[in-house]
Amino acid sequence: MRPLSVVLSVCAGLTLCLAAAPVEAQLAEVRDKRFEITPFAGYQWGGSFDTQAGGTFGAGALRLKPSFAWGAVVSFLAAMGSAIELTYLRQDTDIEFDPATGGTKTNLGGFAVNYLQFGGRQEFGHSVQFRPFIDGSLGIGILDPKAAQLGSSTRFSWSIGGGAKYLFASERAGIRADLKLWSTPVPSGEIGVWCGFYSCVASQGTEWITQGQVSGGLTFLF
């Protein structure tokens, strides 16, 4: 019985090696790719800014309408399923003023939101084709209203999100889906004053313009 057990063990080992070989070959081929380009399109919502009494619009809120968004991600693939990414996103929408008194909302015209950010992505799992991930980035948000009474503003911004990537059989292309949160701090217009023994210091408050985004696109590896 002992020789038979040895033969069965050897056969089982060879079977496992043969089964693992294609997977290792696939992993090696994917690792040979160093760059990804993913043009994407999706839907973006959120983005509001409270206004104060006595300002240009009075007390209320400026709100961006949900709309179509598009952009691209360029990724440099590193080790252990990580990637360094450069992301550009643009949303063309309208902005409206919602008065705090409950009056009629006023459409103020077109508004463009642009994000240009640098960040990273970390994938999970052992599958070659299906790879869930989380990502985050830092950069700038460009708020560009078309209304004459509103000026364009470039601000620090950041994002955090997650999604999944699926590679086709050729492993040279695939699809990518993202769900992200974008946030941009802007001055609130409220001024706070703190006085000490020697002097007083004035500081302006901060509002956060926060938007959500869901998108999908084609990924090309090379």
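Of the 222 residues in the protein chain, 38% are buried. Keep in mind as you look around that this is a predicted model.

## The overall picture

One helix and ten strands make up the secondary structure of the protein chain. Reading from the N terminus, the order of elements is α-β-β-β-β-β-β-β-β-β-β. Contacts in the chain often span long stretches of sequence: taking those between residues at least 6 apart, 62% join residues at least 24 apart. The chain exposes about 12,500 Å², and carbon and sulfur atoms supply 67% of that area.

## Salt bridges

How many salt bridges does a search of the whole structure find? The search finds 15. As a reminder of the background, side chains of opposite charge can pair when their charged atoms come close. Three of these pairs are set out here.

| Salt bridge | N to O distance |
|---|---|
| Arg121 and Glu36 | 3.1 Å |
| Lys180 and Asp135 | 3.9 Å |
| Asp144 and Lys146 | 3.4 Å |

Let us take the pair of Arg121 and Glu36, whose side chains meet in a salt bridge. Arg121 lies in strand β6 and Glu36 in strand β1, so this pair ties together parts that are 85 residues apart in sequence. Are these two residues buried or exposed? Both Arg121 and Glu36 are buried.

Lys180 and Asp135 also form a salt bridge. Here the partners sit in strand β9 (residues 173–195) and strand β7 (residues 130–145) respectively, so the pair ties together parts that are 45 residues apart in sequence. Both Lys180 and Asp135 are buried.

The salt bridge between Asp144 and Lys146 involves a residue with some exposure. Asp144 has a relative accessible area of 24%, and because buried means under 20% and exposed over 50%, Asp144 counts as partly exposed.

Which residues are joined into one network by salt bridges that share partners? The network holds Glu36, Glu85, Arg121, Glu123, Arg131, Asp135, Lys165, Arg176, Asp178 and Lys180.

## A closer look at Arg121

Arg121, placed in strand β6, is a good residue to centre your viewer on. Its relative accessible area is 3%, so Arg121 is buried. The side chain of Arg121 makes a polar contact of 3.1 Å with the side chain of Glu36, and another of 2.8 Å with the side chain of Glu85. Setting aside neighbours within four places in sequence, the residues in contact with Arg121 include Ser75, Leu77, Gly81, Ser82, Ala83, Phe133, Ile134, Asp135, Lys165 and Arg176.

## The nonpolar surface patch

Now for the surface. Phe35, Ile37, Val74, Phe76, Ile84, Leu86, Leu116, Phe118, Ile140 and Phe222 form a nonpolar patch there, with about 880 Å² of accessible area together. Which strands each supply at least two residues of this patch? They are β1 (35–46), β4 (67–77), β5 (82–99) and β6 (106–123).

One member of the patch is Phe35, which is found in strand β1. With a relative accessible area of 37%, Phe35 is partly exposed. Phe35 also belongs to a cluster with Phe76 and Phe222, linked by ring pairs.

## Aromatic pairs

The count of aromatic pairs comes to five. Why is the pair of Tyr43 and Trp45 described as stacked? Their ring centres are 6.1 Å apart and their planes at 25°, so the pair is stacked. Tyr43 counts as partly exposed at 41% relative accessibility, and Trp45 counts as partly exposed at 34%.

## Two residues with positive phi

Finally, two spots in the backbone may catch your eye. Met80 is not a glycine, yet has a positive phi of about 55°. Met80 is found in the loop between β4 and β5, and at 76% relative accessibility Met80 counts as exposed.

Glu171, also a residue other than glycine, has a positive phi near 60°. Glu171 has its place in the loop between β8 (153–167) and β9. Is Glu171 buried or exposed? Glu171 is buried, with a relative accessible area of 3%.

Note on methods. Residues numbered from 1 in each chain as written. Predicted model: local features only at pLDDT ≥ 70, side-chain atom pairs only at ≥ 80, totals over all residues. Heavy atoms only, no water. Patch = residues over 30% accessible without salt bridge, like charges linked within 9 Å, V, L, I, M, F, W, Y side chains within 5 Å. Areas by Shrake-Rupley, 256 points an atom, 1.4 Å probe, with all protein chains shown as cover. Salt bridge = Lys/Arg side-chain N within 4 Å of Asp/Glu carboxyl O. Helix = DSSP H or I, 4+ residues; strand = E, 2+ residues; numbered from the N terminus. Buried < 20%, exposed > 50% of the residue type's maximum accessible area, 1.4 Å probe, protein only. Contact = heavy atoms within 4.5 Å. Polar contact = N/O pair within 3.5 Å; in protein donor to acceptor, adjacent residues only side chain to side chain. Phe/Tyr/Trp six-rings, centres within 6.5 Å; stacked < 30°, edge-to-face > 60°.
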